[in-house]
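Trainee: Could you walk me through this one? I'd like to learn how to read its features.

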Amino acid sequence: MLSVSNLDVRYGQFRAVQGVSMNIDQGDIVSLIGANGAGKSTLLRAIAGALPIHSGRVSFKQHDVTTTSSSARVKQGLSLVPEGRRLFADMTVEENLLLGTTVKRSGDWSIERIFATFPNLVKRRHAKTGNLSGGEQQATAIGRALMSNPDCLILDEVSLGLSPLVVDQVYASIDSLKDAGTTILLVEQDLERAIRFSHRAICMLEGKIVLDKLTSDTNKEEITHAYFGLQQSKHQEASQ
Ligand SMILES: Nc1ncnc2c1ncn2[C@@H]1O[C@H](COP(=O)(O)OP(=O)(O)O)[C@@H](O)[C@H]1O
Ligand SMILES: [Mg+2]
């Protein structure tokens, strides 16, 4: 479904993503984990076409989309919910959701189905998103991406800044997408949740993938080493 090969993404001279390759099959739920600054958002944005790449390839449903615009990728069924939600604060929930249909794509998602998936949003339908709680804003951002009927949904840190209860609600909604067969790639800071929620996790460290196919069976020490880097792991554990 989604394949990345030897991808390099740079900010000036700085190589934020270095030689990353990965494959995600149709219906896979994959989480991308790694410390702050590991390059997760950069990788997701490059996959979605929101950032130019330096070298390597991205292919989606057997098509090379390396140089395809982000809106053309949405049209092909690849949608990103960016870190920080990026809603239009002065627009209502409904208006923000309708923005998700700017790129026309057929499918089952409608405004009413978004409200059925996120019932807390119903009473906020005509409220400006700038006045919503963090959880309501996140639901709107996910809903906006779903309005484009994605085959593959990419979510960057959906739980950032939300209370544990709200995080559970947001994940319950994402969970319902699994049944629809939507392929999901998500970044999640909560390691245990990431591993529990997905079929496998991929760990990045300093721009590179250091552990692929990470599951609940993976040795804890191996995960810690991958997450923090070999040299730093003892120090990091001690400071927690
Ligand atoms: N717009 C930018 N300009 C320059 N450097 C950036 C920019 N965005 C991110 N970086 C750097 O790239 C690295 C990876 O960042 P990011 O992809 O946001 O990591 P993560 O999402 O894993 O926290 C970090 O060192 C970060 O400081
Ligand atoms: Mg990030």
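Trainee: How many positive and negative side chains does the protein have, and how far apart do the centres of the two sets lie?

Mentor: Lys and Arg count as positive, Asp and Glu as negative, with His and the chain ends not counted. Each charge is placed at NZ of Lys, CZ of Arg, CG of Asp or CD of Glu. Here there are 26 positive and 26 negative side chains, and the two centres lie 5 Å apart. Keep in mind that this is a predicted model: local features need pLDDT of at least 70, side-chain atom pairs count only at pLDDT 80 or more, and totals for chains, interfaces and linings use all residues. Residues are numbered from 1 along each chain as its sequence is written, chains are lettered from A and ligands numbered from 1 in the order written, and side-chain values use heavy atoms, leaving out hydrogens and water.

Trainee: What radius of gyration does the protein have?

Mentor: We take that over C-alpha atoms, and the globule rule is 2.2 Å times the number of residues to the power 0.38. With 240 residues, a compact globule would come out near 18 Å, and the protein has 18 Å, which agrees. Along the principal axes, its C-alpha atoms fill a box of roughly 50 × 40 × 35 Å.

Trainee: Which protein donors does the magnesium ion (ligand 2) have?

Mentor: Donors are N, O and S atoms within 2.8 Å of the metal (3.2 Å for Na, K and Ca); water is not among the atoms, so sites may look incomplete. For this ion they are S41 (OG) and E83 (OE), lying 2.0 to 2.5 Å from it. The pair links distant parts of the chain, 42 residues apart: S41 sits in helix 1 (residues 40-48), and E83 in the loop between strand 6 (78-81) and helix 3 (93-99). Helices (H or I, at least four residues) and strands (E, at least two) are DSSP runs, numbered from the N terminus.

Trainee: Is helix 1 mostly covered or exposed?

Mentor: Buried means under 20% relative accessible area, exposed over 50%, and partly exposed in between (1.4 Å probe, protein chains only). In helix 1, 8 of the 9 residues are buried, including S41, T42 and L43. By contrast, E83 is partly exposed, at 29%. After helix 1 comes G49, with a positive phi near 85°.

Trainee: And what is G19 in contact with, leaving aside neighbours within four places in sequence?

Mentor: Contact means heavy atoms within 4.5 Å. G19, found in strand 2 (residues 14-24), is in contact with N6, L7 and D8.
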